[in-house]
There are 2 protein chains.
Amino acid sequence: MNKLNVESIHVSQDCGSCPIKHRAVCARCQPDELEQLEGIKYYRSFEAGQTVIWSGDRMDFVGSVVSGIASLTQTMEDGRTQMVGLLLPSDFVGRPGRMTAAYDVVATTDLVMCCFRKKPFEQMMEDTPHLAQRLLEMTLDELDAAREWMLVLGRKTAREKIASLLSIIARRDASLNLQGVQDLLVFDLPLTREAMADYLGLTLETVSRQMSALKRDGVIKLEGKRHVTIPDFSRLLNEAGDDADGGVMV
Amino acid sequence: MNKLNVESIHVSQDCGSCPIKHRAVCARCQPDELEQLEGIKYYRSFEAGQTVIWSGDRMDFVGSVVSGIASLTQTMEDGRTQMVGLLLPSDFVGRPGRMTAAYDVVATTDLVMCCFRKKPFEQMMEDTPHLAQRLLEMTLDELDAAREWMLVLGRKTAREKIASLLSIIARRDASLNLQGVQDLLVFDLPLTREAMADYLGLTLETVSRQMSALKRDGVIKLEGKRHVTIPDFSRLLNEAGDDADGGVMV
DNA sequence: GGACCTCCTTGACCCAGATCAAGCGCGAAC
DNA sequence: GTTCGCGCTTGATCTGGGTCAAGGAGGTCC
């Protein structure tokens, strides 16, 4: 797992065969606009655990996650940390018009990013409305997700927090694999217990205990530490404190 | 305080003299675009405590807060509530392209909004890049604020949470009154203890106790329940767990 | 004046989750 | 094989903030 993933380095240079072309910032672009983008783009790969950029660093690119998962993290002076975003394939990194990174960006799994040089990207934003329109849409979605997460952080119990996180990962995983949310869901957790704790505002011990409790109660099944099976998704949603009505896909 | 505020109903119909014209969605619009906006806009006033719109309701307008404060709130089935946004003058309400409201919007103080009919506003968004550009900028700012708040909710102690909220209100109040953040700041809290608790993920008892503690320790002074004096802003920032370096204005 | 709000404060007690600590499982390095 | 070390689990104990309960301050209405 720690040796370099060769496949992820020799990535497609061609937007036409890009796996995220339907959901990324460039999703609305016309062929000529894509061509323009190809001229300012380049790929970067990171191994799990590597830091993509530190908060406060000068940032001369923006980009999309092509494969793998990255996390946005904030850290207080005394070391307390809070994850404030989970970046999945097609998610956008960086902010046009801003010089420096506002958060630490860390590769949670092996990661491939499609980066655009910031200056020309900003210029294109002004010229081609398609880019800005799509970015607005994506930013509004992220804002909704952040607000959803504020409810989790502010008002949910530890058990509900874990169930919320699992249901989000399960739902997204199902949507990546192009299948609806069925009753039976199987996936691998892409996060360590510590990363889960940082996302949920808990300690890793509490995460571990609640995972054990959900397993004991039959809400989830665990093989090893990471392989999760969810026998009844609406049960999980119930545990998360959400309405159990919707297995609605995003 | 509960009787209708007549002044706030007879509001300006003229964008030229609008108090938020430099910061609202329309800030980038050209004179002809403003004229077009004037054609689809109307004002609405609300008394403190009134609900502007309920989550899930059909929403056929978007708009800006002109004066007063509104809050975005999420509620769980069992009644637990979390405030997920504090809307100040110039802040935008609603999401173009979405049919229904995602959150409860409540007037925290007496409130005046400048509303645009949604359909024609969406059309204008497509036609005039200035609107979409400004909205993107504002949405990115809100996303940053939401992420900042995730750190507060997930990792800060009750005392730090209160200090964080007070510093945010103090800073914004200073910026509204067009004065920098000085050492001595005075303002009226626009929130009840309960609203503060809903924002901070605490109970109102804890809010009250921590306010008393901060007063006892000389971090703040209180006259009545709402009138706050901050004798040393950097001290407050310290209590909030933030770097005490910056009295930087936004 | 008194009655009755609403908003807030304070005290006593309790519990969910943090903290501190020990140890397990498993893959990598030697 | 043995020895690391990392990620994780589990137990014992502590504590910050929740819960329950009583009452105060100040405003409005009669």
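Which helix provides the largest share of the surface near DNA strand C? In this predicted model, that share comes from H6(B), which contributes 6 residues to the surface near DNA strand C. Around DNA strand C there are 16 residues, of which Thr157(A), Thr206(A), Thr192(B), Ser208(B) and Ser212(B) come nearest. At least two residues of this surface are supplied by each of H6 of chain A, helix H5 (193-200) of chain B and H6 of chain B. By class, the residues near DNA strand C divide into 4 nonpolar, 6 polar and 6 charged.

For DNA strand D, the surrounding residues number 17, and those that come nearest are Thr192(A), Ser208(A), Ser212(A), Thr157(B) and Thr206(B). Here helix H5 (193-200) and helix H6 (204-216) of chain A, together with H6 of chain B, each supply at least two residues of the surface, and the largest share, 6 residues, comes from H6(A). The surface near DNA strand D is made up of 5 nonpolar, 6 polar and 6 charged residues.

Within chain B, helix H6 (residues 204-216) also packs against helix H4 (residues 158-176), their axes coming within 9 Å and crossing at roughly 75 degrees. Because of this crossing angle, H4(B) is roughly perpendicular to H6(B). On the side of H4(B), the contact is made by Ala158(B), Arg159(B), Ile162(B) and Ala163(B), whereas H6(B) takes part through Thr206(B), Val207(B), Gln210(B), Met211(B), Ala213(B) and Leu214(B). The contact of H4(B) with H6(B) comprises 7 nonpolar, 2 polar and 1 charged residues.

The two protein chains also meet each other, with 28 residues of chain A in contact with 28 residues of chain B. On the side of chain A that touches chain B, strand E5 (81-87) and helix H3 (129-155) each supply at least two residues, and H3(A) gives the most, with 18 residues. That side of chain A has 14 nonpolar, 8 polar and 6 charged residues.

Turning to the interior, the largest nonpolar core has 135 residues, and those with the most contacts inside it are Ala70, Met150 and Leu166 of chain A and Ala70, Met150 and Leu166 of chain B. In soluble globular proteins, nonpolar side chains tend to be buried together. When neighbours within four places in sequence are left aside, Leu166(B) is in contact with Ile220(B), Val228(B) and Leu236(B).

Terms used. Residues are numbered from 1 along each chain as its sequence is written. Chains are lettered from A and ligands numbered from 1 in the order in which they are written. This is a predicted model: local features need pLDDT of at least 70, side-chain atom pairs count only at pLDDT 80 or more; totals for chains, interfaces and linings use all residues. Axes are lines fitted to C-alpha atoms, for helices over the stretch in contact, and angles run from 0 to 180 degrees between N-to-C directions. Helices (H or I, at least four residues) and strands (E, at least two) are DSSP runs, numbered from the N terminus. Angles under 35 degrees count as roughly parallel, over 145 as roughly antiparallel, 65 to 115 as roughly perpendicular and the rest as oblique. Two residues are in contact if their C-beta atoms, placed from the backbone, lie within 7 Å. Ala, Val, Leu, Ile, Met, Phe, Trp, Tyr, Cys and Pro count as nonpolar, Asp, Glu, Lys and Arg as charged, and the others, Gly among them, as polar. A nonpolar core is a set of buried Ala, Val, Leu, Ile, Met, Phe, Trp, Tyr and Cys residues joined through C-beta atoms within 7 Å. A residue is buried if 20 or more other C-beta atoms lie within 10 Å of its own, exposed if 12 or fewer, and partly exposed in between; C-beta atoms are placed from the backbone. A residue is near a molecule or strand if its C-beta atom, placed from the backbone, lies within 6 Å of it.
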